[in-house]
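Me: I would like to go through this structure by question and answer. Please keep each reply short and end on the value or name I ask for.

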Amino acid sequence: MIDNQKMSLYAAIESRRDVRAEFSGECVDDAVLQRILTAAHHAPSVGNTQPWDFVVVRSPETLGAFARHVEQQREAFADSLPSDRKDTFDPIRIEGIETSGTGVVVTYDPARGGEHILGRATVDDTGLFSAVLAIENLWLAAVTESIGVGWVSFYDEAYLTDLLDIPWPVRPIAWLCIGPVTEFQRTPDLERFGWRSRRDLSEAIHHEKFGRRD
Ligand SMILES: Cc1cc2nc3c(=O)[nH]c(=O)nc-3n(C[C@H](O)[C@H](O)[C@H](O)COP(=O)(O)O)c2cc1C
């Protein structure tokens with residue numbers, strides 16, 4: 001059990017941030033990483049399939065290669081933007097791959113559990129949802145440990161599959177930069193830099209039928 005000194009769940013949820021620029025350059029302690037991965041591994045999953053795996057990457061060569069790949073994807077995205085959005089996007093960092101020192105690549109195995117998965121017969125995506133829940137558990141455990149997490153999705157899936165020798169039909173679904181931070185920003189980067197802000201909760205709540213908000 002984690003001791004009472006750790007922050008409450010609501011405080012962790014509120015202070016969780018996607019971290020890019022604030023990694024301190026130190027490496028996350030192995031015991032802490034183990035606790036964080038244990039939290040991820042306690043996520044709920046459809047049919048109790050536990051379709052996730054975690055590839056811990058610390059080789060400077062692999063981190064460097066992935067960072068260069070992501071930079072290319074960033075440039076391609078920037079080039080696709082109209083000029084006003086490009087100006088807003090330019091100063092935004094989208095990764096901390098090398099500065100975090102540790103990448104955890106979360107994978108999803110759609111074949112885990114075999115053919116007859118209790119709960120996935122009608123909504124196949126529930127397998128993927130399960131792996132994403134493991135990521136949220138990981139993220140919240142990390143903030144409780146004062147460890148930053150930054151989710152990087154600017155990659156070509158085939159490239160990352162090849163880089164880490166991920167066997168078919170397993171898919172990489174997230175590269176998470178994980179490491180100690182100098183601080184957690186209070187406001188999401190995309191809000192601070194004017195890209196997009198949090199919607200009001202009242203816009204997200206509907207009554208009885210979608211669209212009915214009164
Ligand atoms: C599925 C997913 C993919 C994301 N991919 C990236 C990414 O490639 N680069 C990045 O800087 N942030 C990425 N983010 C982080 C979001 O931009 C961030 O969660 C959002 O702006 C809200 O900020 P907060 O997490 O600090 O509250 C991703 C988040 C999610 C959930």
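Me: In what order do the 4 strands of the open sheet lie?

Reply: This is a predicted model, and the answer refers to that model. The pairing in the open sheet is antiparallel. The order of its 4 strands is S1-S2-S4-S3.

Me: Which strands stand at the edges of the sheet?

Reply: An edge strand has a single partner strand, so one of its sides is left without a neighbour in the sheet. This applies to the strand at 52-57 and to the strand at 147-152. They are S1 and S3.

Me: By how many degrees are neighbouring strands of this sheet turned against each other on average?

Reply: The angle is taken with direction ignored, while the pairing itself is antiparallel. On average, the turn between neighbouring strands is 25°.

Me: Which residue in S2 stands opposite Phe 54?

Reply: S1 is joined to S2, residues 103-108, by 6 bridges, and the two run antiparallel. Opposite Phe 54 in S2 stands Val 106.

Me: Which helix packs on the sheet, touching S1, S2, S3 and S4?

Reply: The direction of this helix makes about 0° with that of S4, the strand at 171-180. The helix covers residues 126-144. It is H6.

Me: What is the bridge partner of Val 149 in S4?

Reply: S3 and S4 pair over 6 bridges in the antiparallel sense. Of the 6 residues of S3, 5 are buried, so the strand is largely enclosed by the rest of the structure. In S4, the partner of Val 149 is Ile 178.

Me: How many Å separate an oxygen atom of the ligand from an N or O atom in the side chain of Arg 16?

Reply: The residues surrounding the ligand include Arg 16, Arg 17, Asp 18, Arg 93, Trp 151 and Phe 154. A polar backbone atom of Asp 18 is 2.8 Å from an oxygen atom of the ligand. For the side chain of Arg 16, the distance to a ligand oxygen is 2.8 Å.

Me: What percentage of the ligand's accessible area does the protein cover?

Reply: A nitrogen atom of the ligand lies 3.3 Å from a backbone N or O atom of Trp 151. On its own, the ligand has 610 Å² of accessible area. The share covered by the protein is 73%.

Me: Is Val 32 buried or exposed?

Reply: Val 32 is placed in helix H2, residues 30-41. Leaving aside neighbours within four places in sequence, Val 32 is in contact with Glu 145 and Ile 147. Its relative accessible area is 13%, and the cut-off for burial is under 20%, so Val 32 is buried.

Me: With which side chain does the side chain of Thr 102 make a polar contact?

Reply: Thr 102 is in the loop between helix H5 (97-100) and S2. At 0% relative accessibility, Thr 102 counts as buried. Not counting residues up to four places away in sequence, Thr 102 touches Cys 27, Val 56 and Leu 176, among others. The polar contact, at 2.9 Å, is with the side chain of Arg 58.

Me: How many Å separate the C-alpha atoms of His 69 and Tyr 155?

Reply: His 69 lies in helix H3, residues 60-79, and counts as buried at 7% relative accessibility. Outside the four places on either side in sequence, His 69 touches Phe 154, Tyr 155, Asp 156 and Tyr 159. His 69 and Tyr 155 are 86 residues apart along the chain, and their C-alpha atoms are separated by 7.0 Å.

Me: What is the omega of the cis peptide bond that joins Trp 168 and Pro 169?

Reply: Most peptide bonds are trans. Pro 169 is in the loop between helix H7 (157-163) and S4. The bond from Trp 168 to Pro 169 is cis, with an omega of about 5°.

Me: What is the positive phi of Glu 208?

Reply: Most residues other than glycine have a negative phi. Gln 50, in the loop between H2 and S1, is not a glycine but has a positive phi of about 45°. Glu 208 is in the segment after helix H9 (201-204) and is exposed, with a relative accessible area of 76%. The phi of Glu 208 is about 70°.

Note on methods
Residues are numbered from 1 along each chain as its sequence is written. This is a predicted model: local features need pLDDT of at least 70, side-chain atom pairs count only at pLDDT 80 or more; totals for chains, interfaces and linings use all residues. Side-chain values use heavy atoms; hydrogens and water are left out. Two strands pair if DSSP finds at least two bridges between them. Axes are lines fitted to C-alpha atoms, for helices over the stretch in contact, and angles run from 0 to 180 degrees between N-to-C directions. Contact means heavy atoms within 4.5 Å. A residue is near a molecule or strand if one of its heavy atoms lies within 4 Å of it. A polar contact is a pair of N or O atoms within 3.5 Å; within protein, one must be able to donate a hydrogen and the other to accept it, and residues adjacent in sequence count only if both atoms are side-chain atoms. Accessible areas come from the Shrake-Rupley method with a 1.4 Å probe; for residues, only the protein chains shown count as cover. Buried means under 20% relative accessible area, exposed over 50%, partly exposed in between (1.4 Å probe, protein chains only).
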